[in-house]
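Visitor: I've got a structure to look at with you. Could you walk me through it?

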Amino acid sequence: MQVAVITLFPEMFRAISESGITRRAIEQGLIKLIYINPREFTSDKHQTVDDRPYGGGPGMVMRVEPLQGALNAACERLSTCRENVRVIYLSPQGQVLTRTKVESIPQQGSNIVLIAGRYEGIDERFIDANVDEEVSIGDYVLSGGELPAMVLLDALIRKLPGALGDKQSAEQDSFEQGLLDCPHYTRPEEMNGLRVPDVLLSGDHKRIENWRLQQALGRTWERRPDLLSSKQLAADEQALLNAYIAGREAHTD
Ligand code: 9D3
């Protein structure tokens, strides 16, 4: 996978390029990630990337020319052509990012250009001519598209085969099924009179696995019932959830 990010603030992306799983994936060559600043593609001496909106009103709009220059450079620097890249504009007007959306992106073509906007947004004609898809990360106002681009990148990179250690990715499987995670504990066994649940100290791997699945189901039912309504539970899962609900009702009397 190759990704070019078009941004006025490439230094913000050190957050993903220089730490953790994302950094390792880049080092391992699982993804080529480059940054292109539209400011490099201006022709005036002040390197102006924005201008006043036609029709008036507050704020500024990103100009087409620097964005077009940046997109052309992205294709060149990824050694590909415009036909073979998927252009995604991070925008409050986009479809909200979900697990399904994240999973659909790498299959749709492995050359991706992400455009992070600033100011009030970018000239609509650039979107009409070049953008394949607009993506939002949720209904709250941010200052620009850089953090959303990093959110999308982090979610994409974690899914690349080999990005997570073997153990992590195997564990991932059970909870990538649309359930919340079970609770986690580490040493000491008791702190401030609070004990780790006995089952986790039992060494009985089958019981532990069942307990974790039951906790995942129960917590999803309590906290995110919307996730359960779109999920068909297997008979054993339904039984675990029923027992969780029964236990919970027993101590809320
Ligand atoms: C406060 C200005 N808004 C109304 C006049 C419009 C507006 C313009 C630009 C609101 C936010 C932004 C910058 N945001 C993004 O570029 C963005 C974003 C977001 O703000 N929330 C969720 N997802 C995204 S993706 C890109």
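Here is a short chat about the ligand site, the domains and a couple of backbone details.

Visitor: Before we start, what kind of model is this?
Guide: Keep in mind that no value here comes from an experiment. What you see is a predicted model.

Visitor: How does the domain assignment divide the chain, and how many Å separate the centres of domain 1 and domain 2?
Guide: The assignment gives domain 1 as 2–158 and domain 2 as 190–252. Taken over C-alpha atoms, the centres of domain 1 and domain 2 are separated by 41 Å.

Visitor: Which pocket does the ligand sit in, and how much of its accessible area does the protein cover?
Guide: Start with the polar contacts: a backbone N or O atom of G145 lies 3.3 Å from a ligand oxygen. On its own, the ligand has 570 Å² of accessible area. The pocket it sits in is the second largest, and the protein covers 71% of that area.

Visitor: Which residues partner the nitrogen atoms in the ligand's polar contacts, and at what distances?
Guide: One pair involves the side chain of S136, where an N or O atom is 3.4 Å from a ligand nitrogen. The other uses the backbone: a polar backbone atom of I137 is 3.0 Å from a nitrogen atom of the ligand. So with a cut-off of 3.5 Å for N or O pairs, the names to note are S136 at 3.4 Å and I137 at 3.0 Å.

Visitor: Which of the 16 residues around the ligand come nearest?
Guide: By character, the shell divides into nine nonpolar residues, six polar and one charged. The nearest of the 16 are E120, I137, G138, Y140 and L142.

Visitor: And which element gives the largest share of that shell?
Guide: Two strands each supply at least two shell residues: β5 (86–96) and β7 (133–136). The largest share is three residues, and they come from β5.

Visitor: Which peptide bond is cis?
Guide: Look in the loop between α7 (166–175) and β8 (190–191), where P188 lies. The bond has omega near 5°, and it runs from R187 to P188.

Visitor: Which residue has a positive phi although it is not a glycine?
Guide: Go to the loop between β2 (32–36) and β3 (50–51). There, with a phi of about 55°, you'll find Q47.

Notes: Residues numbered from 1 in each chain as written. Predicted model: local features only at pLDDT ≥ 70, side-chain atom pairs only at ≥ 80, totals over all residues. Heavy atoms only, no water. Near = heavy atom within 4 Å. Polar contact = N/O pair within 3.5 Å; in protein donor to acceptor, adjacent residues only side chain to side chain. Areas by Shrake-Rupley, 256 points an atom, 1.4 Å probe, with all protein chains shown as cover. 1 Å grid on protein atoms, 1.4 Å probe; cavity = no way out; pocket = protein on both sides within 12 Å on 5 of 7 lines; lining within 4 Å. Sits in = over half its atoms within 2 Å of the grid points. Helix = DSSP H or I, 4+ residues; strand = E, 2+ residues; numbered from the N terminus. Nonpolar A, V, L, I, M, F, W, Y, C, P; charged D, E, K, R; others polar. Domains from an automatic or database assignment.
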